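Visitor: I am new to this structure and would like to be walked through it. Could we begin with a term that will be needed along the way?

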Amino acid sequence: MKCKQIKELVLTDYLDDQVSKEQKQSIEEHLTQCTACREFAAEAKEVLKNPFESVQPIKAPDHLWNKIEGAIEKHRQESLIQKAWDALSGTFAAHKPVFALSTVAATILLLVAVVKIPAWQTQTAANDYLNEQFEYLVYSDDQTDVGLSDTWVDEYFL
Amino acid sequence: MKPVALETITKAAQGDLYAFEEIYRTFCNFVYSISWRMSGNNEDAEEITQDVFLKVHKSLKNFERRSSLKTWIYRITINTTINYQKRKHLKTPVSLDEVGIEKFASPLPSSPDEEIQDRVNKLLSVLNDDQKICMILRNIEGLSYEEIAQSLKININTVRTRLKRAREKLLSLRKEVVPYEV
Ligand SMILES: [Zn+2]
C-alpha cells in the first residue's frame, strides 16, 4: 500500500478498529518501516482519539421527564378538546336535531371531564370516564355520519 | 443500554405512560448527549430532547419493527437535532477565523472533566453538522460504522468519507493551535 492509502486508513478504519486482522497487520508493517506514516498515526491517535476517550458521559437532567410528561398530557387534552369540537360542529352540519342534541350533551360532559380532571394521578379514572363519554359520542354519531372514523378513535384510545 | 422489551413498546404505543417512561429512561441520556453536543447548551438540548420524545410518543404506534427501536430513536434524534440547528441558523460551520486562536486559548474551565468537555466541544465546533454528528456518534457514543450509516440513512462509505474529512480538518487545526496550548 502507498503512504496516501495508509494515511486514509489510519484516519478511518484503523483508528476506529474497523479493520480486519490482515489489514491491520499490513498497515502496522508499513508503519514500522515508514517514519512519516508512523508519525502521522501517532499524531492522529493523540489528537483524534485520546481527547474523546476521557470524555465523561452526559446525563439528561432529572426534571426533564416531568416536563415531557406534562407536555404529553397537555397535548392529549388539546387533542380531546379539538376532537370534541370537531364532532360538535359536524353534528350541527348533519341537520339531525335529535342526534345533535345528544352529541352536544356528550361533548359538554367530555369537555367538563377534560378540564376538571387534568392530573395524571386521576388519569385512569378520567380515561374510563372519557372512554365512556366518547363511546356514547361515537355511537350517537353513527347515524349522523359526521365522518368520525375508527382511526382517530384508535389514535387516542387504543 | 438495556434493550426495551417488545411488550413495553406495545404498551407504550397503546398509551401506557409507565411503559413510555421506561423507553424514555433507556434513551434519554443518548438523546440529551447528542443534542447537547450539537447545540452546545443546556436550554437547546432540553428543548430538542423534549421534542424528540414527543415525536417518539406520537409515532410509536407507527413504529415498524423492521428497524430496531434504538436505530429508530437515533434517527429521530439526529433529524430533530439537525433541523433544530438549521432553524436556529447555527448550521454554518464556524470558520477557523471566527473560532480564532484566542477562543482556543481561552481560560481553562475549573475541573479536569470540564476541561476535557470544553476541549472536545471546541474541536467539534469547527466541523459542519454532517461531520460533527459522525464524530459524536463514533468517537463519543461508540457506534459502529454500520450503526452510524443506519441512523443517518447513508451508506457506509459516506460515513467513512465524513469521518476522514472531519479528522483531516481537526488535524490541520491542531497545527494552528499547538503553540498556544502550552
Ligand atoms: Zn508511509
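Guide: A polar contact is a pair of N or O atoms within 3.5 Å; within protein, one must be able to donate a hydrogen and the other to accept it, and residues adjacent in sequence count only if both atoms are side-chain atoms. This is a predicted model, in which local features need pLDDT of at least 70 and side-chain atom pairs count only at pLDDT 80 or more, while totals for chains, interfaces and linings use all residues. Residues are numbered from 1 along each chain as its sequence is written, chains are lettered from A and ligands numbered from 1 in the order in which they are written, and side-chain values use heavy atoms, with hydrogens and water left out.

Visitor: How many residue pairs are in polar contact across the interface of chain B and chain A?

Guide: The rule finds 14 such pairs, with both residues at pLDDT 80 or more.

Visitor: Which elements of chain B touch chain A there?

Guide: Those giving two or more residues are α2 (17–39), α3 (42–59), α6 (112–124), α7 (129–140) and α9 (156–181) of chain B. Helices here are DSSP runs of H or I with at least four residues, numbered from the N terminus. The largest share, 11 residues, comes from α2(B).

Visitor: And what kinds of residues are on that side of chain B?

Guide: They divide into 19 nonpolar, nine polar and 14 charged. Asp, Glu, Lys and Arg count as charged, and Gly is among the polar ones.

Visitor: How many residues does each chain bring to the contact?

Guide: Chain B brings 42 residues and chain A brings 33, where contact means heavy atoms within 4.5 Å. The buried area is about 3,700 Å², and carbon and sulfur atoms give 65% of this. Buried area is the accessible area (1.4 Å probe) that two parts lose on being put together, summed over both.

Visitor: How many salt bridges are there between the chains?

Guide: There are five between chain B and chain A, a salt bridge being a side-chain nitrogen of Lys or Arg within 4 Å of a carboxyl oxygen of Asp or Glu. B:E46 forms one with A:K67, their closest N and O atoms being 3.0 Å apart.

Visitor: Changing topic, how is chain B divided?

Guide: Chain B has domain 1 (1–91) and domain 2 (92–182), with bounds from an automatic or database domain assignment. In chain B, 15 residues of domain 1 are in contact with 18 residues of domain 2.

Visitor: Which side chains form a salt bridge there?

Guide: B:E147 and B:K70 meet in a salt bridge, at 3.0 Å from N to O. The count between the two domains of chain B is one.
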